[in-house]
Amino acid sequence: MRLGTASRSRDPAAPLERPQPSDVHIWELDLRRPPAHALDLLDAAEQERARRFVFAIDQTRYIAAHGWMRQILGRYLGRAPQDLQFTFGLHGKPALSGRRNDASLCFNLSHSLDKALLAVSNGLPVGVDIEAIRPDLPDSVLAAGVLTPGELDELAQLPPKQQTDVFFACWARKEACMKALGLGLALEPRSLHVGMIPARQRVLSDHAPDYIDLSPLPSPSGHAAALAVLGGFGKMLYRQASLPGRSD
Ligand SMILES: CC(C)(COP(=O)(O)OP(=O)(O)OC[C@H]1O[C@@H](n2cnc3c(N)ncnc32)[C@H](O)[C@@H]1OP(=O)(O)O)[C@@H](O)C(=O)NCCC(=O)NCCS
């Protein structure tokens, strides 16, 4: 994986060049700072979903995440964020639909507390996951429910102080794979062996036609994150979208 940096633009609507066919762009989103008029960027279904959150903080984060997602995808496609249309896979994975060229822009979103990541590619199926690290986890029931026997052994051999961070990094890598496949939690997590070492690796799954190219991602403090790409990728470009009215 080669990490690139992005040029800065202060125009929130400035067009973005699609990723090269082998590359993936990762956007780090700060959900405390939604884009301007974020609620207006969402479609009726998203607005309805936003209304149903019990806690205001969850509603704010959801609106920010979907506002940023639409604004950034719209910049790649040269379209207004509110005009984008989505279709959903059998297990809920969203994909762009509508106009002919839109569907080839692949993406995946993940959010945890105030942070979100958006992975964007030009045709490569991607899955991304970010997890806020909880110091009280994993307990033995959770670990046994999601780790392979080999992973459980590896975890048990680590000093207890390291186990929480390593577990969350492992879980982010697993979930990124499950999301790249579009299966999410419909895939039994113990069917994927990703191990405890956060290195780029090839993961095999009966559900992947070839292999899953799995990579840890730089993550904001207190979080673990990972990217999975079906069939492999070349370069990754990491960008931040944090201030209202600007996107990188
Ligand atoms: C997808 C899933 C793994 C998300 O886990 P999570 O850690 O809670 O959430 P993350 O923040 O990492 O990802 C959520 C985002 O992933 C995307 N997503 C949803 N389903 C997905 C799937 N099957 N595969 C990949 N991505 C998916 C969406 O963009 C979603 O964002 P949204 O909730 O704001 O719309 C989990 O919710 C799941 O397995 N859902 C499937 C449920 C299902 O089978 N539904 C069938 C009927 S639709």
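A residue counts as near a molecule or strand if one of its heavy atoms lies within 4 Å of it. This is a predicted model, in which local features need pLDDT of at least 70, side-chain atom pairs count only at pLDDT 80 or more, and totals for chains, interfaces and linings use all residues. Residues are numbered from 1 along each chain as its sequence is written, and side-chain values use heavy atoms, with hydrogens and water left out.

**View 1. The ligand and its 20 surrounding residues**. Start with the closest ones: Arg 49, His 66, His 91, Glu 175 and Leu 185. By class, the shell has six nonpolar, eight polar and six charged residues (Ala, Val, Leu, Ile, Met, Phe, Trp, Tyr, Cys and Pro count as nonpolar, Asp, Glu, Lys and Arg as charged, and the others, Gly among them, as polar). Domain 1 (1-7 + 17-124 + 233-248) and domain 2 (130-232) both give residues to this shell, so the ligand lies between them; the domain bounds come from an automatic or database domain assignment.

**View 2. Polar atoms facing the ligand**. Look for a polar side-chain atom of His 111, 2.8 Å from an oxygen atom of the ligand. Lys 179 also places a polar side-chain atom 2.8 Å from a ligand oxygen atom. At Gly 182, a backbone N or O atom lies 3.1 Å from a nitrogen atom of the ligand. Taken alone, the ligand exposes 910 Å², and the protein buries 68% of that (Shrake-Rupley method, 1.4 Å probe). Helix H3 (56-77), strand E5 (105-112), strand E7 (126-132) and helix H6 (160-180) each give two or more residues to the shell, and E5 gives the most, with four. Helices (H or I, at least four residues) and strands (E, at least two) are DSSP runs, numbered from the N terminus.

**View 3. The largest pocket, lined by 22 residues**. A pocket here is an open set of points on a 1 Å grid over the protein atoms alone, where a 1.4 Å probe fits, with protein on both sides within 12 Å along at least five of seven lines; lining residues have an atom within 4 Å of a point. Nearest the centre of the largest pocket lie Arg 49, His 66, Pro 94, Leu 109 and His 111. E5 gives the most to the lining, with six residues.

**View 4. Two backbone spots to find in loops**. Most residues other than glycine have a negative phi, and most peptide bonds are trans. His 37, in the loop between strand E2 (24-30) and helix H1 (38-41), has a positive phi of about 50° although it is not a glycine. The peptide bond from Leu 137 to Pro 138 is cis, with omega near 0°.

Notes:
A polar contact is a pair of N or O atoms within 3.5 Å; within protein, one must be able to donate a hydrogen and the other to accept it, and residues adjacent in sequence count only if both atoms are side-chain atoms.
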